[in-house]
Amino acid sequence: MCGIVGYVGKDQAAPILLEGLTKLEYRGYDSAGIAVRDGKNAPVTVKEKGRIADLKDKIGPVESIVGTCGIGHTRWATHGAPSETNAHPHHSDDDAVIGVHNGIIENYEEIRDKLKRNGYRFYSQTDTECIIKLVDYYYKKYGEGPLRAISRAILRVRGSYALCLMFADYPGEIFCARNGSPMIIGKNGKDAFIASDVPAILNHTRKVYYIDNMEMARLKEGSIEFYNIDCEPLVKTLTEITWDAEAAERGGFEHFMMKEIHEQPKAVEDTIHSVTDDKDKIDLSSTGLTAEDIKAIDNILIIGCGSAYHVGMVAQYVFEDMTGIPVRVEVASEFRYRRSPIAPNTLAIIISQSGETADSLEALRKCKAAGVKTLAIVNVIGSSIAREADYVFYTLAGPEIAVATTKAYSTQLVANDLLAIEFARVRGNLTKKQAAALVKELKTLPDKIQRILDDKERIQWFASKFANANDIFFIGRGLDFATCMEGSLKMKETSYVHSEAYAAGELKHGTISLIEDGILVIGVCTQSEVIEKTISNMVEVKSRGGYLMGLTTAGNYNMEDIANFCVFIPKTDEHFTTSLAVIPLQLMGYYVSLARGVDVDKPRNLAKSVTVE
Ligand code: G6P
């Protein structure tokens, strides 16, 4: 999420910053800005909503910005809508400190309140402004210099971030710090570069230092120094980058899809943390939903397209089971043209990564016209669906580049889980303690997803055996059927192998006639209430020649006697198993695609954001 570039050296900074930002645009593209200093003069700051091209237009001739020290940022909005005001760099009231920031400051509201009590005023809705002003506060209060002020601020904030700052009293110098979000320092002779991602500086140098968590750096022409959180100097070694530029943008992964699959633990964790506290209590105030709103709901209508619809299928099971509220799930393109009654006191939940899908947007408008409340679960801040809905739950997946969604889907799942738990608590279906226990379990998912990813080579080996398959079937019951729908979509859209997902009990009503020798059938079995039933269906398939992959929870080792190949996922509450079971299926789609030589990030005929009917 977001991109940072910095430069100090003998050359003019503005062209280097703009070039670097262009390379990072894939990380965030709703607004951008640069601040450049010429000697002791105050920095010149230019910010603009939109793409880097819009910022360049605003700047005009790049020579108009003079100075050899500067910082730049391209933004993917998390706190506050995309706008010029919310764009970085941000500054303290008297411009003593100016800076850019990546990541999320979790306790920014608490920090803003503290600073307000100390006379600070705020012009933006960003968490970035809070951290810049916190550094300014410590800088002035203790007068111990920039490094101490930054280290005090770092110790005070919670979250993952990378920070890059300039101080009015220190011309020609840039200070940085990080915790969680990536940041590298490049060196070329006396020139120093800062970047959140390698591609930003690859045209200038391949020699970089890596800053670790809770470390700081101080850069000026001809000098790069590193410090730990106690401001003690650190010695670092230069590393040579060997990636080509395009691979670097993918962070060392061969494809964006694989990169995004690996970003899931972080994306899921960020989304959960955005509405929960350390005591595992959920706070939905950022969505606008109140307890009264939640108590007034008689029905839930969930609408989405593609994978977002599959999230809706999962959510239906979870909401109905936890809250007892009847839930209907609709494909947006069907719903918008059907004259189906929408009961009063319905909450319509529109799920969309982009927030721009034409059918989902029209479905939202139809619900609004029917007079019911609408809640958007959306990944892109300020998108059309987010703007038009009554309430918004933002997922924090960050920019998703690969056409086939992975991390956005996973964040949408946990967003729904969190809503269902909180609805159930508010309406008395769960006690506070039960709700907190479920949140605690949700918080274990990122680690469990990581464990599955750590074992990905096994899936790769298995997938390579089926690279020439013509048909693949996915079967499961209940929540597992919803997982199958997503697994099957991943398979067909990334690898062009025909695949179908079936409710396991439906197979014998026709589709089983397609099973013949060697056809791969993937049985998803994570729901204890129906596992025996699905296993019976798998046995039926096997006796007709099907080749079985069993995807089940650790402990269900009898699967080894039935399936030809087994994948075990870690145990979790059965409401949440989709979050884990989908991971091996994403990997299957990816690896089959790879083996068949398909352009996995941009499969034919598909678009990332479908803004036409
Ligand atoms: C496209 C994408 C899918 C996505 C669907 C809905 O088809 O390829 O991955 O699930 O649109 O998009 P949305 O942005 O509304 O989630």
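A polar contact is a pair of N or O atoms within 3.5 Å; within protein, one must be able to donate a hydrogen and the other to accept it, and residues adjacent in sequence count only if both atoms are side-chain atoms. The model discussed here is predicted, with local features needing pLDDT of at least 70 and side-chain atom pairs pLDDT 80 or more, while totals for chains, interfaces and linings use all residues. Residues are numbered from 1 along each chain as its sequence is written, and side-chain values use heavy atoms, with hydrogens and water left out.

Q: What makes the approach of Gln 353 to an oxygen atom of the ligand a polar contact?
A: A backbone N or O atom of Gln 353 lies 2.6 Å from an oxygen atom of the ligand, and this pair therefore meets the cut-off for a polar contact. A polar side-chain atom of Ser 352 also lies 2.6 Å from an oxygen atom of the ligand, and for Val 403 a backbone N or O atom is 3.4 Å from a ligand oxygen.

Q: Which residues come nearest among those around the ligand?
A: Ser 307, Ser 352, Gln 353, Ser 354 and Thr 357 come nearest, out of 13 residues around the ligand (a residue is near if one of its heavy atoms lies within 4 Å).

Q: Why is H4 called oblique to H5?
A: Helix H4 (residues 127–142) and helix H5 (residues 146–156) pack at about 130°, with axes 8 Å apart. Under 35 degrees would be roughly parallel, over 145 roughly antiparallel and 65 to 115 roughly perpendicular, the rest being oblique, so H4 is oblique to H5. Here helices are DSSP runs of at least four residues and strands of at least two, and angles run from 0 to 180 degrees between N-to-C directions of axes fitted to C-alpha atoms.

Q: How do you know which residues of H4 and H5 meet, and what is their character?
A: With contact taken as heavy atoms within 4.5 Å, Leu 134, Val 135, Tyr 138, Tyr 139 and Tyr 142 of H4 meet Pro 146, Ala 149, Ile 150, Arg 152, Ala 153 and Arg 156 of H5. These residues divide into nine nonpolar, no polar and two charged.

Q: Why is H1 called roughly antiparallel to H2?
A: Helix H1 (residues 13–23) packs on helix H2 (residues 52–59) at about 160°, with axes 10 Å apart, and that angle makes H1 roughly antiparallel to H2. Their contact is made by Leu 18, Leu 21 and Thr 22 of H1 with Ile 52, Leu 55, Lys 56 and Ile 59 of H2, a set of five nonpolar, one polar and one charged.

Q: What makes H17 oblique to H21?
A: The angle between helix H17 (residues 456–465) and helix H21 (residues 577–596) is about 50°, with their axes 9 Å apart, which makes H17 oblique to H21.

Q: What makes the phi of Met 214 and the peptide bond before Pro 89 worth checking?
A: Most residues other than glycine have a negative phi, and most peptide bonds are trans. Met 214, although not a glycine, has a positive phi of about 60°, and this residue lies in the loop between strand E11 (207–210) and strand E12 (215–220). The bond from His 88 to Pro 89 is cis, with omega near 0°, and Pro 89 lies in the loop between strand E4 (69–75) and strand E5 (90–91).

Methods: Ala, Val, Leu, Ile, Met, Phe, Trp, Tyr, Cys and Pro count as nonpolar, Asp, Glu, Lys and Arg as charged, and the others, Gly among them, as polar.
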